Amino acid sequence: MRPIEGVTIYLAFPVKSLVCLIYVAASLAATQSNEAQERVDTIVRRMMAVVQKCKGRDPGFAIRRDYQLYDKKWESKAQVVIRITFVPPDQRRYEIESSRGGIGERILRDIVTREMEAPNAVSQKDLTPDNYEFRLLGTEMLDGRRCYVLGLNPRREEKEVIRGRAWVDAETYHLLRLEGDPVKSPSWWIRDLHIVMTFAEIDGTWMRTLTHAVANVRFRGKYVMVSRNLEPNPAQGGFQSRSATVEVGPAKNH
């Protein structure tokens, strides 16, 4: 017993036993942390393997992509339509088919130019351990598919990476959804940008099908940019056009 100011306290639990319990608890926590990290590493590794497998069998394709800029009333203020030709493994070309919209058109053209940058810049956007620290946030159902939800923490302060979350199919390890904020704005015109991207398989090719971005545009206020694929056309012995329009519902305001 230990006297403290006239009060007698009985130490019913030996100090050594308490120390042992603390040590065991710390060891258990470290073990659980290591197991969680190993699980995240496995998810990321399998996701990367799926990406490489898809690139390896990609026959090349051509798509038309529509970019539109909406104001807060969902009125279209600008539009740019481009045709993109992908040639395995990493070549791509694009041409602008049509455009309209004054300053809004300039913003969309700037976005298109940055998206179509040289292929070696694309690697900086990839979901790899070189670009991100990953954390498993849990699992969620997305469009009927059970997904791992990964937290994304960029390793660099660059425009090509985002801070946010990724939804990875728990069965196929395909990336289904990506959401977050770019570490740096992709354009001088754009501030406070929040992006949502969805991905799907179209005629055997896994690709981005929709981008929904909400931002404050300098001198203009809040705007929404939506880009979606039109008429995906996989190439078979050359790029032969074949209509297969992707239906995408209207995007929601952030």
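User: Leaving aside neighbours within four places in sequence, which residues are in contact with R191?

Analyst: This is a predicted model, in which local features need pLDDT of at least 70, side-chain atom pairs count only at pLDDT 80 or more, and totals for chains, interfaces and linings use all residues. Residues are numbered from 1 along each chain as its sequence is written, and side-chain values use heavy atoms, with hydrogens and water left out. Contact means heavy atoms within 4.5 Å. Once neighbours within four places in sequence are set aside, the residues in contact with R191 are S185, A215, N216 and R218.

User: What separates the C-alpha atoms of R191 and A215?

Analyst: R191 lies in strand 10 (strands, E of at least two residues, and helices, H or I of at least four, are DSSP runs numbered from the N terminus). Along the chain, R191 and A215 are 24 residues apart. The separation of their C-alpha atoms is nevertheless 5.8 Å.

User: Is R191 buried, partly exposed or exposed?

Analyst: Buried means under 20% relative accessible area and exposed means over 50%, with partly exposed in between (1.4 Å probe, protein chains only). The relative accessibility of R191 is 42%, so R191 counts as partly exposed.

User: Over how many bridges do strand 10 and strand 11 pair?

Analyst: Two strands pair if DSSP finds at least two bridges between them. Strand 10 is also joined to strand 9 (residues 175–182), in antiparallel fashion, by 4 bridges, and E179 stands opposite V196 in strand 10. On the side of strand 11, T198 stands opposite L210. The antiparallel pairing of strand 10 with strand 11 has a bridge count of 11.

User: Which strand supplies the largest share of the largest nonpolar core?

Analyst: A nonpolar core is a set of buried Ala, Val, Leu, Ile, Met, Phe, Trp, Tyr and Cys residues joined through side-chain atoms within 4.5 Å. The largest one has 25 residues, of which Y67, L69, I107, L108, I111, I190 and M225 touch the most other members. Strand 3 (61–71), strand 4 (76–87), helix 2 (103–115), strand 10 (190–202), strand 11 (205–217) and strand 12 (221–234) each supply at least two residues. The largest share, 5 residues, comes from strand 4.

User: How many residues are in the second, separate core?

Analyst: This core is separate from the largest one, and its members include L150, V161, L175 and L178. Its residue count is 22.

User: What is the angle between the planes of Y70 and W74?

Analyst: Rings of Phe, Tyr and Trp (its six-membered ring) pair if their centres lie within 6.5 Å; planes under 30 degrees apart count as stacked, over 60 as edge-to-face and the rest as tilted. By this rule there are 3 aromatic pairs. Y70 is buried because its relative accessibility is 12%, whereas W74, at 29%, is partly exposed. The two rings form a tilted pair, 4.6 Å centre to centre, and the angle between their planes is 55°.

User: Where does D143, which has a positive phi although it is not a glycine, lie?

Analyst: The phi of D143 is about 55°. D143 has a relative accessible area of 77%, so this residue is exposed. Its location is the loop between strand 6 (132–142) and strand 7 (145–154).
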